[in-house]
Amino acid sequence: MTTEAHTASVPAGADAYRLRLTDAEREELAALARKLTETAPALVDDPGWLAAARHLSSRLPVRLLDTVRTYRHDPGADGTLLLSGLPIDEDALPDTPDVAESVQREATVPAATAVLIGLQLGEIVAYREEKSGALVQNVVPVRGLEASQSNAGSVPLEFHIENAFHPYRPDFVGLTCLRQAVGQNAGTTVASIRRALPLIEESDRRVLHQARFVTVPPPSFRSGSETPARPVLDGSPDDPNIVVDFHATTALDDEAKQVLERLRATMMDISASVELSAGELVFVDNRVVLHGRAPFTPNYDGRDRWLQRIFVHLDNRRTRVLRADNGAVMT
Ligand SMILES: O=C(O)CCC(=O)C(=O)O
Ligand SMILES: [Fe+2]
């Protein structure tokens, strides 16, 4: 995916939303993020800090606000939004973390940047059972977990929506690149059901709309149970949501199994790779886009690929029963 600038107004249904900040816009955003690094207690998961970030997020550069708002209305055929030119100074970063379950608690400029933007897309949320409920999570390769179907692995990561098993899966997933893996093809792969739908036979679509599939929690979740039987496609037959994880979803009968395999092949056929560079943030609409990751070979030398992840919900009220004190973490 390239990163050309576009004008403020993105036509509804544009294929892929992209915005490259100008130097002036980057400086405006950096000033807000720096202010947040100095806002006590300078911890991302602190409700007071998050409230301050929410207020400051209304002062983001207007072109950025416009793009985020338009993307939220309709994420386009590709369902992704790629922002570049963010205030991330790769040279000023510490070594890439290399431990399992690594999260970003301190309010650094990159973390504050993602939170500021995410708070204009919706509500930033996390799951108590995943990465200890941290709002900003590190996506880094971990020694010993190479083969794991999680974001700590380095084998190909199967196409999935995030937390497909969960009744309140994220509406959007944001991945900020702090450090790109030099010379490694570790692209995030994306595939949108909006692109794939015309390629799926009518009879297969009918099966995918039926409750003939179950999904187990991903390895990143400490607890949780298999879903009741449910469809892979739901909502409008012309523009459905997709709920599947090709590692975690199984079909309950032979016909559904074949249909699921054909769906996987179709999603692979139309997939694209987003090779993020430092200072880029991609949002994927988790209702219409599957994501995964190409394989790579980590060096574990402090210079490995480093992304930070956030989850966004559009309607916090739906999960109120799971969130103590109307906070950001679901139990
Ligand atoms: O590493 C990536 O590009 C994506 C990993 C992933 O699926 C995730 O962090 O949710
Ligand atoms: Fe993921």
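Visitor: How many salt bridges does the count give in this model?

Guide: The count comes to 18 salt bridges, where the term denotes a side-chain nitrogen of Lys or Arg within 4 Å of a carboxyl oxygen of Asp or Glu. The model is a predicted one, in which local features need pLDDT of at least 70 and side-chain atom pairs count only at pLDDT 80 or more, whereas totals for chains, interfaces and linings use all residues. Residues are numbered from 1 along each chain as its sequence is written, chains are lettered from A and ligands numbered from 1 in the order in which they are written, and side-chain values use heavy atoms, with hydrogens and water left out.

Visitor: Why is the pair of Asp 45 and Arg 105 called a salt bridge?

Guide: The closest N and O atoms of Asp 45 and Arg 105 are 2.8 Å apart, and the pair therefore satisfies the 4 Å rule. Asp 45 belongs to the loop between helix 1 (23–37) and helix 2 (47–57), and Arg 105 to the loop between strand 2 (80–84) and helix 4 (109–121), so the bridge ties together parts 60 residues apart in sequence. Helices (H or I, at least four residues) and strands (E, at least two) are DSSP runs, numbered from the N terminus.

Visitor: What makes Asp 45 and Arg 105 buried, exposed or partly exposed?

Guide: Buried means under 20% relative accessible area, exposed over 50%, and partly exposed in between (1.4 Å probe, protein chains only). Asp 45 has 27% and Arg 105 has 28%; both values fall in between, and both residues are therefore partly exposed.

Visitor: How do you know that Arg 309 forms a salt bridge with Glu 130, and which parts of the chain does the pair link?

Guide: The closest N and O atoms of Arg 309 and Glu 130 are 3.6 Å apart, which is within 4 Å. This pair links distant parts of the chain, 179 residues apart: Arg 309 is in strand 15 (residues 306–313), and Glu 130 is in the loop between strand 3 (123–127) and strand 4 (137–139). Both Arg 309 and Glu 130 are buried.

Visitor: What makes the pair of Asp 204 and Arg 262 a tie between separate parts of the sequence?

Guide: The two side chains meet in a salt bridge at 2.8 Å, N to O. Asp 204 is in helix 6 (residues 202–208) and Arg 262 in helix 7 (residues 254–269), so parts 58 residues apart are tied together. Asp 204 is buried at 8%, whereas Arg 262 is partly exposed at 42%. Elsewhere, salt bridges that share partners join Asp 74, Arg 194 and Asp 239 into one network.

Visitor: Why are His 160, Glu 162 and His 291 called donors of the iron ion (ligand 2)?

Guide: Donors are N, O and S atoms within 2.8 Å of the metal (3.2 Å for Na, K and Ca); water is not among the atoms, so sites may look incomplete. His 160 (NE2), Glu 162 (OE) and His 291 (NE2) lie 2.1 Å from the iron ion, and they therefore meet the 2.8 Å limit. Their spacing in sequence is H-x1-E-x128-H. His 160, at 9%, and Glu 162, at 6%, are both buried.

Visitor: How do you know that strand 13 is largely enclosed?

Guide: Six of the six residues of strand 13 (residues 280–285) are buried, so the rest of the structure largely encloses this strand. Glu 280, Val 282 and Val 284 point one way, while Leu 281, Phe 283 and Asp 285 point the other way.

Visitor: What makes strand 2 and strand 6 pairing partners of strand 13?

Guide: Two strands pair if DSSP finds at least two bridges between them. Strand 2 has four bridges to strand 13 and strand 6 (residues 172–179) has six, both in the antiparallel sense; the requirement is therefore met in each case. Val 282 is the bridge partner of Leu 82, and Leu 281 that of Thr 176.

Visitor: Why does Thr 227 count as buried or exposed, and what does its side chain reach?

Guide: At 8% relative accessibility, Thr 227 is under the 20% limit and therefore counts as buried. Thr 227 is placed in the loop between strand 8 (213–215) and strand 9 (233–234). Its side chain reaches the backbone nitrogen of Thr 215 at 2.9 Å.

Key:
Polar contact = N/O pair within 3.5 Å; in protein donor to acceptor, adjacent residues only side chain to side chain.
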